[in-house]
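Here is a short set of exercises to work through with the structure in view. Try each task on your own before reading its solution.

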Amino acid sequence: MLLLIRPMPLEKIPMWVTIPINFMLKRILAVADTVHPFIYRDTFPSGLEPLDLVLIAGDLPGYYIEFIATRCTCPVVYVHGNHGEEKVKDYLGQMVDPGGAINAHGRFIRAGDFRIVGWGGAPKYNERDDGGQYTGNQVKWGLGKLEWGLWLEKRRKTNAFDIFLTHAPPPGPHAGTDYAHRGCKEIGLFLERHTPALMVHGHVHAYEGRKLEYHTDSGVRVVNAYGYTVLEIEVPSAVNQINSSLSEPISSGIFASKTNASTD
Ligand SMILES: [Fe+2]
């Protein structure tokens, strides 16, 4: 007699089953707002452990973005700031995006092992138009359009993406105290709707002994990349990324990490 044994569907495995997870250490360099002498030097990136990703969170000149992209062998992903300085002049004298780096503004991208959503610029604070100030409705519309494409990712995994790269901070501990550097409400709402593992932003200079990192109530790790910061992050190995879709606690806790931070 042929006995057919039907395997238990993955989603029926009880939550209390312990699944061993092997982690890989990933290293991310995040920069923003100021050309830092430790990065902009002849021997960069010597002195740093091998990098898996570079995140550029705005208000940095195009030549600096190209410099980093030229020196690093990993993906380099950026969003613009609010001063319109990211473009570089090409051989025809036209202003173009910096070469070698991926512009993530208003896009969902895959870079190495990471799924990233980006939004550049800052909440509108005056009538000057450098192409980097957005009204609340513009942010809502831009991020809303992105959400249409994210539903498929969300069906596959608990989180639609891993990293939210912005220039402006969300409301909260990293928001500036002045109007131009206030937290962006729409970015904050988007963050709470999707709860990626990591958010990296710039725009707010880290003076006055401000903390460079905190966790939101829903567990999102928020990092101010002012100057430069190296994040060491543990990510499940490929086999366990499949397992991680089994339950919320495993997939939402994939990024356990420690930070080496340095600023001016
Ligand atoms: Fe800024």
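**Exercise 1.** Find out which strands the buried residues of H1 pack against.

*Solution.* Keep in mind as you work that this is a predicted model.
- Start by locating helix H1, which covers residues 62-71.
- Next, pick out its buried residues: Gly-62, Tyr-64, Ile-65, Ile-68 and Ala-69.
- Now look down the axis of H1: these residues fall within an arc of 165°, so they line one face of the helix.
- Finally, see what they pack against: strand S2 (53-56), strand S3 (76-78) and strand S4 (88-89).

**Exercise 2.** Decide whether Leu-60 is buried or exposed, and list its contacts beyond the neighbours within four places in sequence.

*Solution.*
- Leu-60 sits in the loop that lies between S2 and H1.
- Count the other C-beta atoms within 10 Å of Leu-60: there are 29. A residue is buried if that count is 20 or more, so Leu-60 is buried.
- With neighbours within four places set aside, Leu-60 is in contact with Val-31, Ala-32, Asp-33, Val-35 and Ile-65. Ile-65 is also one of the buried residues of H1.
- For a further check, go to His-80: it is 20 residues from Leu-60 in sequence, and the two C-alpha atoms are 7.8 Å apart in space.

**Exercise 3.** Work out the strand order of the six-stranded open sheet, and say which strands stand at its edges.

*Solution.*
- Reading across the sheet, the order is S7-S8-S11-S12-S14-S13, with mixed pairing.
- The edges belong to strand S7 (108-111) and strand S13 (213-215); each has a single partner strand, so one side of each is left without a neighbour in the sheet.
- From one strand to the next, the twist averages 25°.

**Exercise 4.** Describe how S12 pairs with S11 and with S14, and what its two faces look like.

*Solution.*
- Take S11 (residues 163-166) as the starting point: it pairs with S12 in the parallel sense over three bridges. Here Leu-165 stands opposite Val-200 in S12.
- Turn to S14 (residues 221-224): with S12 (residues 198-201), it pairs in the parallel sense over four bridges. The bridge partner of Val-200 in S14 is Val-223, while Met-199 stands opposite Val-222.
- In a regular strand the side chains alternate between the two faces of the sheet.
- In S12, Leu-198 and Val-200 are on one side and Met-199 and His-201 on the other; all are buried, and both faces are covered.

**Exercise 5.** Trace the path from S11 to S12, and say which residues of H3 are buried.

*Solution.*
- S11, helix H3 (residues 185-194) and S12 make up a right-handed β-α-β unit.
- The buried residues of H3 are Glu-186, Ile-187, Phe-190, Leu-191 and His-194.
- Seen down the axis of H3, they fall within an arc of 140°, so they line one face of the helix.
- Just after H3 comes Thr-195, which takes a positive phi of about 40°.

**Exercise 6.** Judge where the model calls for caution, using pLDDT.

*Solution.*
- The protein chain has a mean pLDDT of 83, and 79% of its residues reach 70 or more.
- Residues 1-5 have a pLDDT below 50, and this stretch has zero contacts beyond near neighbours in sequence.
- Residues 238-264 also have a pLDDT below 50, but 54 contacts beyond near neighbours in sequence.
- Where pLDDT is low, the predicted coordinates should not be read in detail.

How values were computed:
Residues are numbered from 1 along each chain as its sequence is written. This is a predicted model: local features need pLDDT of at least 70, side-chain atom pairs count only at pLDDT 80 or more; totals for chains, interfaces and linings use all residues. Two strands pair if DSSP finds at least two bridges between them. Axes are lines fitted to C-alpha atoms, for helices over the stretch in contact, and angles run from 0 to 180 degrees between N-to-C directions. pLDDT is the predictor's confidence in each residue, from 0 to 100. Two residues are in contact if their C-beta atoms, placed from the backbone, lie within 7 Å. A residue is buried if 20 or more other C-beta atoms lie within 10 Å of its own, exposed if 12 or fewer, and partly exposed in between; C-beta atoms are placed from the backbone. A crossover is right-handed if, with the strands pointing away from the viewer, the path from the first strand over the helix to the second runs clockwise. The arc is that of the directions from the helix axis to the C-beta atoms.
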